[in-house]
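Reader: I am new to this structure. I would like a close look at one part, then a walk outward from it.

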Amino acid sequence: MSNKLLSPSITLLYSSAMNGTSLKKIDHLGIAVRSIENTLPYYEKALGLKCERIEEVPSQKVRTAFISIGEVHLELLEPTSEDSTIAKFINERGEGIHHIAFYSTNIEGQLAQAKENGVRLIHEVPFEGANNKLVAFLHPKSTFGVLTEFCTAKDPSHAH
Ligand code: ZN
C-alpha cells in the first residue's frame with residue numbers, strides 16, 4: 001500500500017530530473033565594490049591574480065573589472081551612478097558577493113524551465129551584458145537569497 005503511494009512521486013522526481021539543464025559551469029561571481037581602483041590591490045597583490053580588463057556597461061550603470069581564475073572569473077562591479085542597482089545594493093548590504101552566474105547553452109529554455117517551476121524572473125528576455133554576453137536574472141526572493149544570473153555568449157564562436 002505505502003509502496004504504491006510512493007511510486008508516483010518517485011516517478012515525478014525522475015521525470016523532473018529528465019528535464020535536464022543547459023547550465024554548464026559557474027561562469028562568474030559578481031562582487032559589488034565601491035571602487036575598483038581601491039579593490040584591485042587586494043586581488044592583484046595579496047592574491048596575485050590579474051585584472052584582465054575594465055569595461056563600462058552604461059545600461060547597468062557599472063564599471064566592471066574582470067579577473068580570471070581557472071575557468072571562472074570574478075567581476076568587480078563598481079556603480080557609476082547613485083541610482084545604479086549596485087549602488088543600492090552596497091548602501092543596503094555593504095560590499096560583497098552580489099550574484100552568481102551560470103553559463104547556459106540555452107538561455108531562453110533555461111528561463112522557461114525556471115518559470116515553469118515557480119521561479120520569479122527579473123528578465124523574461126535576455127539582454128546584452130558585459131563581455132559580449134546575453135544575460136538574464138532570477139529574482140533572489142525565489143532563489144533563496146542568491147541573485148542568480150544565466151549568461152550565454154552572444155556570438156557562439158566566442159564561447160569560453
Ligand atoms: Zn554577472
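Among the elements of the protein chain, which has the lowest mean pLDDT, and which has the highest?

Author: This is a predicted model, so local features are reported only at pLDDT of at least 70, side-chain atom pairs count only at pLDDT 80 or more, and totals for chains, interfaces and linings use all residues. Residues are numbered from 1 along each chain as its sequence is written. The score itself, pLDDT, is the predictor's confidence in each residue, from 0 to 100.

Your two elements are both helices. Helix α1 (residues 2-17) has the lowest mean pLDDT, 45, and helix α2 (residues 36-46) has the highest, 98. Over residues 7-18 the score is below 50. Beyond near neighbours in sequence, that stretch has zero contacts in the model. A contact here means two C-beta atoms, placed from the backbone, within 7 Å. For the protein chain as a whole, the mean pLDDT is 88, and 85% of the residues reach 70 or more.

Now the wider frame. The protein chain has four helices and eight strands. These are DSSP runs, numbered from the N terminus: H or I over at least four residues for a helix, E over at least two for a strand. In order, the elements run α-β-α-β-β-β-α-β-α-β-β-β. Of the contacts with a separation of 6 or more, 50% join residues 24 or more positions apart.

The strands come next. They form an open sheet of eight, in the order β2-β3-β4-β1-β5-β8-β7-β6, with mixed pairing. β2 (51-57) and β6 stand at the edges with a single partner strand each, so one side of each has no neighbour in the sheet. Two strands count as paired if DSSP finds at least two bridges between them. Strands of a sheet pair through backbone hydrogen bonds, either parallel or antiparallel.

Take the β2 edge. Six bridges join β2 to β3 (residues 62-69), and the two run antiparallel. C51 has I67 in β3 as its bridge partner. V57 stands opposite V62 in β3. The two strands make a hairpin with four residues between them. In that turn, K61 has a positive phi of about 55°.

Move to β1 and β5, which are adjacent in the sheet order. I100 lies in strand β5. Its C-alpha atom is 7.4 Å from that of I26, although the two are 74 residues apart along the chain. Neighbours within four places aside, I100 is in contact with I26, L29, V146 and T148. K24 belongs to strand β1. From K24 to F102 the C-alpha distance is 7.2 Å, across 78 residues of sequence. With neighbours within four places left out, K24 is in contact with Y103 and T105.

How enclosed are these two residues? A residue is buried if 20 or more other C-beta atoms, placed from the backbone, lie within 10 Å of its own, exposed if 12 or fewer, and partly exposed in between. I100 is partly exposed because 15 other C-beta atoms lie within 10 Å. K24 is partly exposed too, with 13. Across the 160 residues of the protein chain, 24% count as buried.

Two helices meet the strands. Helix α3 (residues 85-93) lies across β1, β3, β4 (72-79) and β5, and runs at about 85° to β4. That angle is taken between N-to-C directions, from 0 to 180 degrees, with axes fitted to C-alpha atoms, for helices over the stretch in contact. Helix α4 (residues 107-116) has I107, Q110 and L111 as its buried residues. Seen down the axis, they fall within an arc of 100°, so they line one face of α4. The arc is that of the directions from the helix axis to the C-beta atoms. Among the elements covering these residues are β1 (23-32), β5 (96-104), β7 and β8. Just after α4, G118 takes a positive phi of about 85°.

Finish with two loops. N132 is found between β6 (127-128) and β7 (133-138). Its phi is near 60°, positive in a residue other than glycine. N132 counts as exposed because 12 C-beta neighbours lie inside 10 Å. F144 is in the loop between β7 and β8 (148-153). Phi of F144 is near 55°, also a positive value in a residue other than glycine. F144 is exposed, with 7 other C-beta atoms within 10 Å.
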